[in-house]
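New to this one? Here is a quick walk through it, starting with a single residue and working outward.

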Amino acid sequence: MDIVKIAAMGILTAFCVLLLREQKSEIAMLVGIAGGCLILLSVLDYFTQIFSTLKGIADKTGIPSSVYKVVGKIISVGYIADFSAGVVEDTGQKALAEKIVLGGKLIIMVLSLPIVTTLFDTIAGVLS
């Protein structure tokens with residue numbers, strides 16, 4: 001099970017960071033970031049599976065693939081913003097991490113506008 005590997009990497013990284021934090025705090029931060037990147041790289045295949053499944057659904061339902069692409073971008077922006085904000089917060093820059101989250105939310109809002117507009121147009125067409 002991949003979750004066991006991911007959890008083990010996280011626990012091992014956290015343990016190493018705790019050991020290094022007292023003596024070499026700058027190296028401890030780098031070890032934490034490296035561990036987070038390794039975990040992220042280990043789950044990239046899952047993103048590929050998700051997007052290929054969404055593409056298959058788009059082909060079967062007749063819903064334009066552009067809708068699924070936008071949804072994929074929205075999900076990606078959310079994960080990237082959350083991951084990078086977590087890394088920045090681990091360095092002690094909580095205010096900067098909050099700005100990253102805010103930026104991610106704004107980008108998600110802008111990316112979702114075409115879907116919301118299409119939804120309202122569809123509803124208005126049905127009601128007419």
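## Starting at Lys5

Let's begin with Lys5, which counts as exposed because its relative accessibility is 55%, and the cut-off for exposed is over 50%. Keep in mind that this is a predicted model.

Which residue does Lys5 pair with in a salt bridge? The partner is Asp2, and the closest N and O atoms of the two are 3.9 Å apart. Lys5 and Asp2 both sit in helix 1 (residues 2-21), 3 residues apart, so about one helical turn separates them. Asp2 is partly exposed, with a relative accessible area of 34%. A search of the whole structure turns up 1 salt bridge.

## The overall build

Time to zoom out. The protein chain has 5 helices and 0 strands, and from the N terminus its elements read α-α-α-α-α. Is the chain compact or spread out? Its radius of gyration is 20 Å, well over the 14 Å that the globule rule gives for 128 residues, so the chain is more spread out than a compact globule.

The C-alpha trace spans about 70 × 35 × 15 Å along its principal axes. Buried residues make up 15% of the 128 residues. As for contacts with a separation of 6 or more, 51% of them link residues 24 or more positions apart.

## A look at helix 3

Helix 3 covers residues 44-61, which makes 18 residues. At 1.5 Å a residue, a helix like that should span 26 Å, and the end C-alpha atoms are indeed 26 Å apart, so the two values agree. Right after helix 3 comes Gly62, with a positive phi near 85 degrees.

## What the surface shows

The protein chain exposes about 9400 Å², and carbon and sulfur atoms supply 72% of that area.

Which residues form a nonpolar patch on the surface? They are Val116, Leu119, Phe120, Ile123 and Leu127, and together they have about 510 Å² of accessible area. Val116 belongs to helix 5 (residues 94-127). With a relative accessible area of 35%, Val116 is partly exposed; it can be part of a patch because that value is over the 30% a patch residue needs.

Technical notes: Residues numbered from 1 in each chain as written. Predicted model: local features only at pLDDT ≥ 70, side-chain atom pairs only at ≥ 80, totals over all residues. Heavy atoms only, no water. Patch = residues over 30% accessible without salt bridge, like charges linked within 9 Å, V, L, I, M, F, W, Y side chains within 5 Å. Areas by Shrake-Rupley, 256 points an atom, 1.4 Å probe, with all protein chains shown as cover. Salt bridge = Lys/Arg side-chain N within 4 Å of Asp/Glu carboxyl O. Helix = DSSP H or I, 4+ residues; strand = E, 2+ residues; numbered from the N terminus. Buried < 20%, exposed > 50% of the residue type's maximum accessible area, 1.4 Å probe, protein only. Expected span 1.5 Å × (residues − 1). Rg over C-alpha atoms; globule rule 2.2 N^0.38 Å. Contact = heavy atoms within 4.5 Å.
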